[in-house]
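Visitor: Could you take me through one part of this model slowly, and then show me what sits around it? I'd like one connected answer rather than a list.

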2 protein chains.
Amino acid sequence: MKSFRSFAFILFTFSIFLFSSCYQPPQEPKAKYVFLFIGDGMGLAQVIAAEGYQSAMMGGEYVPLGFRQFPGVGLTTTYAANRFITGSAAAGTSLATGIKTNIGRISMDTSGMVPLETLAEKAKKKGMKVGIISSVSIDHATPAAFYAHRPDRNMYHEIGFDLARSDVDFFGGGGFKDPVREDVNVLELAKENGFQYINDEASFRALTPAENKVLFVHPDLTSGASMRFAIDQPEGYITLAEITEKAIAYLDNENGFFMMVEGGKIDWLCHANDAGAMVREVIDFSAAVDAAVKFYKLHPEETLIVVTADHETGGLGLGNIRMKYKSDYALLGNQSISGEDFNAVLSEWRKDNHLNEKGFKKILQVTHEYFGFGGDDAPIVIDDNESESLKKAFMAYDLSQEGDYANYSPFTYQSTLVMADRAGLGWTSQTHTPVAVPVYAIGNGFESFSGNLDNTDIPKLIWETIE
Amino acid sequence: MKSFRSFAFILFTFSIFLFSSCYQPPQEPKAKYVFLFIGDGMGLAQVIAAEGYQSAMMGGEYVPLGFRQFPGVGLTTTYAANRFITGSAAAGTSLATGIKTNIGRISMDTSGMVPLETLAEKAKKKGMKVGIISSVSIDHATPAAFYAHRPDRNMYHEIGFDLARSDVDFFGGGGFKDPVREDVNVLELAKENGFQYINDEASFRALTPAENKVLFVHPDLTSGASMRFAIDQPEGYITLAEITEKAIAYLDNENGFFMMVEGGKIDWLCHANDAGAMVREVIDFSAAVDAAVKFYKLHPEETLIVVTADHETGGLGLGNIRMKYKSDYALLGNQSISGEDFNAVLSEWRKDNHLNEKGFKKILQVTHEYFGFGGDDAPIVIDDNESESLKKAFMAYDLSQEGDYANYSPFTYQSTLVMADRAGLGWTSQTHTPVAVPVYAIGNGFESFSGNLDNTDIPKLIWETIE
């Protein structure tokens, strides 16, 4: 009898053990540290071109960019409420709020009357810290969609006003397009509202975690109060990756954080059809993602990183009629300047030179330095057709003519087209396109970002991993 | 004592119940019915253009194509062993065998000496039935990669020979490019080897499941022994979807089947930069996928459908310089003929007309019928620039000049470019491009097709769901 009792007891214990060992409570891993990276204008072709370029420069073995190795991959449609081809404001609003709106709105509904709550605001309410970083001006459409509410993206002053009154913990990157109007200086207002304003390298380097809010405006900005293009950055320039790294250290706390990092100038270079500068811009953006990945590796159970784009720009095609089945992305390495900065070079040069036959010969020598163009000994031997198209652009127009996004003169534009043509790339557009854009995800809930998504799904899915 | 015993017994029984209710053996759901759909040349932009067109024609509400609603989405790189921009043979080999090879090889290794086992052959060995379907000639690179082994895709006769000797259960779609040489007629050889040859509509319609192998060659083929472009198919034409449906019924058996269905002419239309015909070709391909989805719904636990492409063709961009932020895909609906068939119209017309000013005016009337071009009352009012470019193409070249893939005269080509331009599309290339292509999956193991893949992963992942 005793033995039976013991046997029953052992069986019972064993059964409980079996049960407890196989029982798993429903798992809902929550993300405490959340990154949303937005490559403005970065379609699938831009990503593949950048890694094709990087692989070619590294000797030819094909190596995907860091975020291209994330386990989660999706594709999102990007259309706006009132246009098939979206803009950065409407797309930014979708990515920030999960709601479709009209072109130009900054986290306001289609009517422009009702503000929409953003992911950053929700995260803040929940007790997380929030960081907003962009390589373009911090009042630009994409970053603005996370902290401002305005019916029109061009209300830069009012957006700056919203920034100054916000409780975002860390702003970093570009500056303001329209900070002072009448008696309102948004910078001063920000300081009054508790922001520590940092505008020099030493203070940036010295910044350590503290309770106060930070507004870091890069000390070396270019047109439009934005950071320099990656290709133009001098040695030691504070990069998007460094700002991201600094923000991570600053925001790291036990209640977690939400951070949006925008590579905003990929879009500008695609508007300008400047392939050589664009691939470097994507790689620079990818390095910022790598900074988050470093953090992820320390907190793999509590971190989510999502990388996506607001839309594609330029209709980039990875092949062209001249090159047929060939590609030579390494040729892009001969370009050492953005078209925009090259334009400044041209404007200087123009002061002592003329738009004539002799001038054209001299300007080709200038392109040798910046693009590798030239005669038999040059990396890119300009052929008769190219010479003619360059000459036409040189002769017919003012070299410093301004464009919509980047100030590319016709000669500059033609030079970057020659680069793209030789590398095996092409563009169909100078504006945005409605092709679906990729989403890459790693960490908590990455699986939910796999599949056919719409841009409005992104913040909803992110919130599900947090809440 | 008795009560304790009862209590222990009840507890024990309950524990066992708890254990058995929570215990789940490792799940490895196997796919019995496996479909691999390959849209030749179908990049992401082609997919979005087609659904944008379909949505516009249906009244504007955005409706994704059927396969775009699959839960699994991935992106695959496509490069060949010896070239960044792949070709259909090397890419087909990767998709059929999981191994990278050189341009031109048909399921042979890079040396061209060692045959590589294909997914179709492995499935057959396992006792499954096998179907190979293509809208282009059945000896073309993509279908050939699943049943033939040749060092060069142009060995059409030898590929036909491999087909005739294969144990594939169902071939359907296009015919042979080089069936007869000296005393070998591959069609006769196929019949000798047990294939029931079907070449008329009545026999096709009457075909019911049987044990013998079937070789269905469409009765209404065009150049290159391929089926007509979707846009050119007359009422009642046997479509790719109908062939797929017939093959499903024919191959359905208790040991399962593997089926490869290629939409082969998407690629041809992208080579020709014919956007109006291309969107219809993608929709036609999508309808073939829908036929598999119908079957999937009856066997959701045992079916896997994978849809992908071998590469992108044409560098399609969904925006252009003329249209900027606008799209008008519905305009493509005014095109009622492929460029290739329009070329035949031109050749006829040319017999009674001349390449002069009067002829140009008359030819514009012809384009009214087929493209909707014309003056004030036409759907597409041709402007001065367009008129000039069309006239230049009309005057300078022979109207029936032949191209690589589709026989598009310069005037035809220019006409299709005007269509694309007005719709808001553009092309950068007339060949393949190396941009990653999407993969869509539903059914057993669909999750494994999510993520960043290489084309060589596809057959491996498919095999894992089978074996």
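Guide: Let's start with helix α2 of chain B, residues 44–57. Helices here are DSSP runs of H or I with at least four residues, strands are runs of E with at least two, and both are numbered from the N terminus. α2(B) has 14 residues and reaches 20 Å from its first C-alpha to its last, close to the 20 Å expected at 1.5 Å a residue; the expected span is 1.5 Å times one less than the number of residues. This is a predicted model, in which local features need a pLDDT of at least 70 and side-chain atom pairs count only at 80 or more, while totals for chains, interfaces and linings use all residues. Residues are numbered from 1 along each chain as its sequence is written, chains are lettered from A and ligands numbered from 1 in the order in which they are written, and side-chain values use heavy atoms, with hydrogens and water left out.

Back to the helix: α2(B) is mostly covered, with eleven of its 14 residues buried. Buried means under 20% relative accessible area, exposed is over 50%, and partly exposed is in between, using a 1.4 Å probe and protein chains only. The buried set begins with an unbroken run in the sequence: B:Leu44, B:Ala45, B:Gln46, B:Val47, B:Ile48, B:Ala49, B:Ala50, B:Glu51, B:Gly52 and B:Tyr53, and B:Ser55 completes it. An α-helix has 3.6 residues a turn, so residues three or four places apart point the same way. After α2(B) comes B:Gly59, with a positive phi near 115°.

From that glycine you can hop to B:Phe295, which is 236 residues away in sequence and 29 Å away in space, C-alpha to C-alpha. B:Phe295 belongs to helix α11 of chain B and is buried, at a relative accessible area of 6%. Leaving out residues up to four places away in sequence, B:Phe295 touches B:Tyr33, B:Phe35, B:Ile248, B:Asp252, B:Phe257 and B:Thr303, where contact means heavy atoms within 4.5 Å. In the loop between α10 (265–271) and α11 (275–298) of chain B you'll find B:Asn273. Its phi is near 55°, a positive value in a residue other than glycine, and B:Asn273 is buried too, with a relative accessible area of 2%.

Now for some strands in chain B. Seven of the seven residues of β19 (437–443) are buried, so the strand is largely enclosed by the rest of the structure. Strand β2 (72–77) of chain B pairs with β19(B) in the antiparallel sense over five bridges; two strands count as paired if DSSP finds at least two bridges between them. B:Val73 has B:Tyr440 as its bridge partner in β19(B). Strand β12 (303–308) of chain B also runs antiparallel to β19(B), joined by four bridges, and there B:Ile305 is matched with B:Ile442.

Chain A lets you see a whole sheet. Ten strands of chain A form an open, mixed sheet in the order β7-β8-β4-β3-β11-β1-β12-β19-β2-β20. β7 (195–198) and β20 (451–454) of chain A stand at the edges with a single partner strand each, so one side of each has no neighbour in the sheet. The twist averages 20° from one strand to the next. At the β20(A) edge, β2 (72–77) of chain A runs parallel to β20(A) over four bridges, with A:Thr76 opposite A:Leu453. Helix α16 (457–466) of chain A lies across β1, β2, β12, β19 and β20 of chain A, at about 110° to β20(A); axes are lines fitted to C-alpha atoms, for helices over the stretch in contact, and angles run from 0 to 180 degrees between N-to-C directions.

What about α2 in chain A? α2(A), again residues 44–57, should span 20 Å at 1.5 Å a residue, and its end C-alpha atoms are 20 Å apart, which agrees. Eleven of the 14 residues of α2(A) are buried, and A:Gly59 follows with a positive phi near 115°.

As for confidence, chain A averages a pLDDT of 93, with 92% of the residues scoring at least 70; pLDDT is the predictor's confidence in each residue, from 0 to 100. The predictor gives the complex an ipTM of 0.91 and a pTM of 0.93.
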